Amino acid sequence: NALEAMGLPRQMLEVMRRLVGQGIHPLQVLQIFQERKALSEEKRQRMLESFDIDGIARYIKEKGCKRVVVMCGAGISTSAGIPDFRSPGTGLYDNLQRFNLPSPDSMFDIDYFRCNLAPFYELIKELWPGHFAPTPAHFFLKLLHDNNVLLR
């Protein structure tokens, strides 16, 4: 059975089968289990006062963190005007029509580049460092680096 293969406990499966037999949709059964689990879980102590740079910085300082790993994406640069890749309307791939490429991926395809250098160089000229100001997230990452706590 697929649910057993997912590792659901046998007791949960038996209850689910009984409720489904009473006409309750399987998704409703899962929702009931999730609600019960949420009620039975202990409240965790909040680690951050706020989920912004100030809250994270305060936590790092108070706890004396020495090795910080940051996971981020292109989104930390979009407020500076640097496009991410896939956002509809504003993303880089959505705004490459002016280059008349076979496909948006062609902009970063080495074989296409070897045949036609101009589109890549025109785009890079627009995105070249110095055209955009760093965001608060960039400054925060630099601060972590300068204080030797940024691990990755």
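# Exercises on a predicted model

Ser-106 is buried, its relative accessible area being 9%, and the model in which this value is computed is a predicted one.

**Exercise 1.** Determine where Ser-106 lies and which residues Ser-106 touches beyond four places in sequence.

*Solution.* Begin with the position: Ser-106 sits in the loop between H5 and H6. Next, consider the burial: because buried means under 20% relative accessible area, the 9% of Ser-106 places this residue in that class. Finally, list the contacts: when residues up to four places away in sequence are not counted, Ser-106 touches Leu-101 and Tyr-112.

**Exercise 2.** Find the residues that make up the largest nonpolar core, and follow the contacts of Leu-101.

*Solution.* The largest nonpolar core has 7 residues in all, namely Leu-92, Leu-96, Phe-99, Leu-101, Met-107, Tyr-112 and Leu-123. Taking Leu-101 from this list, and leaving aside its neighbours within four places in sequence, one finds Leu-101 in contact with Leu-96, Ser-106, Met-107, Tyr-112 and Pro-119. A further step shows that another core, of 6 residues, lies apart from the largest one, and that Phe-140, Leu-141, Leu-144 and Val-149 are among its members. As general background, nonpolar side chains tend to be buried together in soluble globular proteins.

**Exercise 3.** Describe the aromatic pair formed by Phe-85 and Phe-108, and then the one formed by Phe-113 and Phe-120.

*Solution.* A pair of aromatic rings is described by the distance of the centres and the angle of the planes. The structure holds 6 aromatic pairs. In one of them, Phe-85 and Phe-108 are 5.9 Å apart centre to centre with 65° between the planes, and the pair is edge-to-face; the class follows because planes over 60 degrees apart count as edge-to-face. This pair links distant parts of the chain, since Phe-85 and Phe-108, both in the loop between helix H5 (75-78) and helix H6 (110-115), are 23 residues apart. Phe-85 is partly exposed at a relative accessible area of 37%, and Phe-108 is likewise partly exposed at 38%. Turning to the second pair, Phe-113 and Phe-120 are also edge-to-face, with 5.4 Å centre to centre and 85° between the planes, and Phe-120 is partly exposed with a relative accessible area of 24%. To finish, ring pairs link Phe-85, Tyr-93 and Phe-108 into a cluster.

**Exercise 4.** Compare the surroundings of Gly-91 and Val-29, and state how far apart they are in sequence and in space.

*Solution.* Start with Gly-91, which lies in the loop between H5 and H6 and counts as buried at 0% relative accessibility. Apart from its neighbours within four places in sequence, Gly-91 is in contact with Pro-83, Asp-84, Phe-85 and Arg-86. Val-29, for its part, is found in helix H3 (residues 26-40) and counts as buried at 0% relative accessibility; with its neighbours within four places left aside, Val-29 is in contact with Met-16, Leu-19, Val-20 and Ile-24. From C-alpha to C-alpha, Gly-91 and Val-29 are 40 Å apart in space, and they are 62 residues apart in sequence. Val-29 and Arg-17, in turn, are 12 residues apart in sequence and 9.3 Å apart in space, C-alpha to C-alpha.

**Exercise 5.** Identify the residues that make a nonpolar surface patch of about 350 Å².

*Solution.* The patch is made by Val-69, Met-71 and Leu-151, and Val-69 is found in the loop between helix H4 (53-63) and H5.

Notes: Residues numbered from 1 in each chain as written. Predicted model: local features only at pLDDT ≥ 70, side-chain atom pairs only at ≥ 80, totals over all residues. Heavy atoms only, no water. Phe/Tyr/Trp six-rings, centres within 6.5 Å; stacked < 30°, edge-to-face > 60°. Helix = DSSP H or I, 4+ residues; strand = E, 2+ residues; numbered from the N terminus. Buried < 20%, exposed > 50% of the residue type's maximum accessible area, 1.4 Å probe, protein only. Core = buried A, V, L, I, M, F, W, Y, C linked by side-chain atoms within 4.5 Å. Contact = heavy atoms within 4.5 Å. Patch = residues over 30% accessible without salt bridge, like charges linked within 9 Å, V, L, I, M, F, W, Y side chains within 5 Å. Areas by Shrake-Rupley, 256 points an atom, 1.4 Å probe, with all protein chains shown as cover. Salt bridge = Lys/Arg side-chain N within 4 Å of Asp/Glu carboxyl O.
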